[in-house]
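User: Please take a close look at one single part of this model, and then place that part in its wider setting. A formal explanation suited to a first-year student would be welcome.

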Amino acid sequence: MANRNSTNNNTSNNGGKALSITDTASYDWRHYLKAHPTCKGVPPWCFEHVPLHKEWQHIGVKGYKLEVALTSEELPKYCDVQDENAVFWIANAVKFCGFMAKVVYDGAEHIPKASRDQLSSRWINFVNEAKRVGYTTMHSYSIMPPKCMETDKLEDFDWRDYIFNKLVQKHSIPTIVTVNGELSAKYKSELVVGQSVEVLDRACISRMRLGEVIQLVGGRVHVRYWDSKTEVGKADFVCHERSPTIFPCGWSRTVGQEISAPVGYHSPILKDSTLQYLINYDNLPKINIMEGMKLEAVDPLNPSVISVATVRKVLNHGYFMATMDGQHTGAEKRKLAAFCYHLTSPLIFPCGYCEKRGLDLSLPKDYKGDLTKFTWDKYMEQTKSEALPIRGLRRDDTNNHGIKSGMKLEAVDIMEPHLICVASVTRVIGRLLKVSFDGWGEEYDQWMDVKSPDLFPMGWCEVNRYPLQYPPGTSKQPATTIIVSNGHNNNGH
């Protein structure tokens, strides 16, 4: 897959240097939202791995009174305050798209209708910019009406009395989710910089690799492989700490997975109390997994397709290795292309899943027969195999999660996992989402689970100061430089 890094941050072939996410210009949603007033974003409460997701239904409420800092262009002529973001005005939140919110300044009714929306409303990052009413008083900032309200008609207007009447019996952001009048969106990581972990080996997806956490940003983990100096261009791995590609030391030994580690690496056998997935497995119906069993799975090397797959090796605790049928010839190549799945993985499906839901199934190239008349019964008869019995393990396979086709979000490029891109949901099949990257063709689409930690609401990158990639063909707007310090960011761990 081609590199989608539109900011020239080429890390897939970077001469062995670390994957850098510093000093990179980031896409600004405000320009898009201003040009597309009907845009809908995936609500933050849909993302269980994102801070404030539980509270968002009480935070993202239309009509809340807020205090918002005026931009330099909005400062009134008589303002002599020099400090940036030190002059505020009262506003109402009237629309939400992810973490982004459209606000309208109080007093807008005094502006002519023809220019009212343009002059008195704008998009802000609600988490970063919305302040609880009283914030200016608490921090001794100034509160003044914006320049658009400096008209002859309002020259002698009593703004103090106006504000008082506007705020009577009105609600603002709940105090329970604010610290000193500001929203707090800190991610509390279970990892620490310098900790050793076992992660997917980018050079060989059939094994894990020992690494060290060198950076944490909003739950996203930057890992340096233990032997990074010996493999040019494959020194690092980036994922979310809730991803099924990162585990504590001892996971590989516990489940029987191959791992690349230094000679003498001795990891513990993990107990049920250490990893929740072991407890989950003990509560599952007992399933006899055998090599050669068939299933359907999202291709880890081409996540735009769902393929016919085969169990190649049975591991412990419900894990197994599988490959996509017909794509690799020879036992050694199939071994290197095997990917580790769990019985409860949301990206594996029982035989017949695609046909039942009207989805395209990528068929094996070595299928003996008419591909247009493929049937699982005939294929299993040819291969003398049987289906992996996971039909009863699909959970919450409904559309009651709040995500709809056409909604916007920010999504990780699975093939270049250090990149987060502007994306849209283009299809919803139960909990399975097809995510398309703006400006890229369908061949770059990704099938993703609704609870994937690689999906984020609009504005997440800005909140966490993580670079959001520009869609191809998008002109670079003036944007704040993304600065992520080594191991820390403004949101803590």
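Analyst: **Ser121 and its setting**

Ser121 counts as buried because its relative accessible area is 10%, where buried means under 20%, exposed over 50% and partly exposed in between, found with a 1.4 Å probe and the protein chains only. The model is a predicted one, in which local features need pLDDT of at least 70 and side-chain atom pairs count only at pLDDT 80 or more, while totals for chains, interfaces and linings use all residues. Residues are numbered from 1 along each chain as its sequence is written, and side-chain values use heavy atoms, with hydrogens and water left out.

Ser121 belongs to strand 5 (residues 121-125); helices (H or I, at least four residues) and strands (E, at least two) are DSSP runs numbered from the N terminus. When neighbours within four places in sequence are set aside, Ser121 is in contact with Lys102, Val103, Val104 and Arg116, contact meaning heavy atoms within 4.5 Å.

A second strand residue may be set beside it. Leu455 lies in strand 26 (residues 455-456) and is buried because its relative accessibility is 1%. Without its neighbours within four places in sequence, the contacts of Leu455 include Phe47, His49, Leu409 and Met448. Leu455 and Val50 are 405 residues apart in sequence, yet 9.4 Å separates their C-alpha atoms in space.

Such pairs lead to the whole chain. The protein has 493 residues, of which 53% are buried, and it contains 12 helices and 28 strands. Among contacts with a separation of 6 or more, 66% join residues 24 or more positions apart. The accessible surface is about 23600 Å², and carbon and sulfur atoms hold 49% of it; the areas come from the Shrake-Rupley method with a 1.4 Å probe.

Two loop residues deserve attention for their backbone angles. Most residues other than glycine have a negative phi. Ser140, however, has a positive phi of about 60° and sits in the loop between helix 5 (135-139) and strand 7 (142-143). At 66% relative accessibility, Ser140 is exposed. Arg465 also has a positive phi, near 55°, and its place is the loop between helix 12 (460-464) and strand 27 (468-469). With 34% relative accessibility, Arg465 is partly exposed.

Cysteines come next. A disulfide is a pair of cysteine sulfur atoms within 2.5 Å, and by this rule there are zero disulfides. Cys148 is buried at 16% relative accessibility, and Cys204 is buried at 12%.

Finally, there is the empty space inside. A cavity is a set of points on a 1 Å grid, over the protein atoms alone, where a 1.4 Å probe fits but cannot get out. Grid points are joined across faces, edges and corners, and a volume is the space filled by probe spheres set on the points. The structure holds four cavities of 30 Å³ or more, and the second largest contains about 50 Å³. Its lining, made of residues with an atom within 4 Å of a point, has 10 residues, and Cys421, Asp438, Trp440, Tyr470 and Pro471 lie nearest the centre. By class, seven lining residues are nonpolar, one is polar and two are charged. Here Ala, Val, Leu, Ile, Met, Phe, Trp, Tyr, Cys and Pro count as nonpolar, Asp, Glu, Lys and Arg as charged, and the others, Gly among them, as polar.

Key: 1 Å grid on protein atoms, 1.4 Å probe; cavity = no way out; pocket = protein on both sides within 12 Å on 5 of 7 lines; lining within 4 Å.
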